[in-house]
Amino acid sequence: QVQLVESGGGSVQPGGSLRLSCSTSSGVIGFYDMAWYRQAPEAPRALVASFSALGTINYADPVQGRFTISTDGAKKILYLRMNNLKPEDTGTYYCKATGIFGGKEFNDWGRGTQVTVSS
């Protein structure tokens, strides 16, 4: 099981910025596919950005051009830099690792960090 711990959430006004962090152990980033998801109240969890084991990056259309996914040099932290935040970005943000271990696919999640965008 991959341990993932999110941090960096908070309350900001529209137009503000936050940087979320997903801390994990060595041998995760660069080995497994990583992603940030968010879940708004009474809505399903939705993909925000992904960072594959090979370093391929993709963004959901609503955040394209505003959010940036990246890692630290040691590949122990997955970041999500969020600029020009909008009220519709409000939700709980989760980090996910996907891979194959022991011949079986797994999906491990962190507990999430809350982001609130409001004036």
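Visitor: Why does glutamate 42 count as exposed?

Guide: Glutamate 42 has 87% relative accessibility. Exposed means over 50% relative accessible area, buried means under 20%, and partly exposed lies in between (1.4 Å probe, protein chains only). Since 87% is over 50%, glutamate 42 counts as exposed. Before we go on, a word on the model: it is predicted, local features need pLDDT of at least 70, side-chain atom pairs count only at pLDDT 80 or more, and totals for chains, interfaces and linings use all residues. Residues are numbered from 1 along each chain as its sequence is written, and side-chain values use heavy atoms, with hydrogens and water left out.

Visitor: Where does glutamate 42 lie?

Guide: Look in the loop between strand 4 and strand 5. Strands are DSSP runs of E with at least two residues, numbered from the N terminus. Those two strands form a hairpin with six residues between them, and glutamate 42 in the turn has a positive phi of about 60°.

Visitor: How do you know that strand 4 and strand 5 pair?

Guide: Two strands pair if DSSP finds at least two bridges between them. Strand 4 and strand 5 have five bridges, in the antiparallel sense, so they pass that test. Methionine 34 stands opposite phenylalanine 51 in strand 5.

Visitor: And what makes strand 5 and strand 6 a pair?

Guide: They share three bridges, again antiparallel, so the minimum of bridges is met. Alanine 49 has tyrosine 59 in strand 6 as its bridge partner. Strand 5 and strand 6 form a hairpin with five residues between them, where glycine 55 in the turn has a positive phi of about 90°.

Visitor: Why is one side of strand 1 and of strand 7 left without a neighbour in the sheet?

Guide: Four strands form an open, antiparallel sheet in the order 1-3-8-7. Strand 1 (5-7) and strand 7 (67-71) stand at its edges with a single partner strand each, so one side of each has no neighbour in the sheet. Strand 7 pairs with strand 8 (residues 77-82) over five antiparallel bridges, and threonine 71 has leucine 78 in strand 8 as its bridge partner.

Visitor: What is notable about the phi of lysine 75?

Guide: Most residues other than glycine have a negative phi. Lysine 75, which is not a glycine, has a positive phi of about 55°. Lysine 75 sits in the loop between strand 7 and strand 8, and its relative accessible area of 42% falls between the two cut-offs, so it is partly exposed. Asparagine 84 is not a glycine either, and has a positive phi of about 50°; its place is in the loop between strand 8 and strand 9.

Visitor: What makes cysteine 22 and cysteine 95 a disulfide?

Guide: A disulfide is a pair of cysteine sulfur atoms within 2.5 Å. For cysteine 22 and cysteine 95 the S to S distance is 2.1 Å, so the pair qualifies. A search of the whole structure finds one disulfide.

Visitor: Why is the disulfide of cysteine 22 and cysteine 95 left-handed?

Guide: The torsion about its S-S bond is about -80°, so it is left-handed. Cysteine 22 lies in strand 3 and cysteine 95 in strand 9, so the pair ties together parts that are 73 residues apart in sequence. Cysteine 22 is buried at 0% relative accessibility, and cysteine 95 is buried with a relative accessible area of 0%.

Visitor: Which residues touch the most other members of the largest nonpolar core?

Guide: A nonpolar core is a set of buried Ala, Val, Leu, Ile, Met, Phe, Trp, Tyr and Cys residues joined through side-chain atoms within 4.5 Å. Of the 28 residues in the largest one, Met34, Trp36, Leu78, Leu80, Met82 and Tyr93 touch the most other members. Contact means heavy atoms within 4.5 Å; leaving aside neighbours within four places in sequence, leucine 80 is in contact with residues including Trp36, Val48, Phe67 and Tyr93.

Visitor: How do you know that threonine 98 is buried?

Guide: Its relative accessible area is 17%, which is under 20%, so threonine 98 is buried. Threonine 98 is found in strand 9 (residues 91-101). A polar contact is a pair of N or O atoms within 3.5 Å; within protein, one must be able to donate a hydrogen and the other to accept it, and residues adjacent in sequence count only if both atoms are side-chain atoms. The side chains of threonine 98 and asparagine 107 are joined by such a contact of 2.8 Å.
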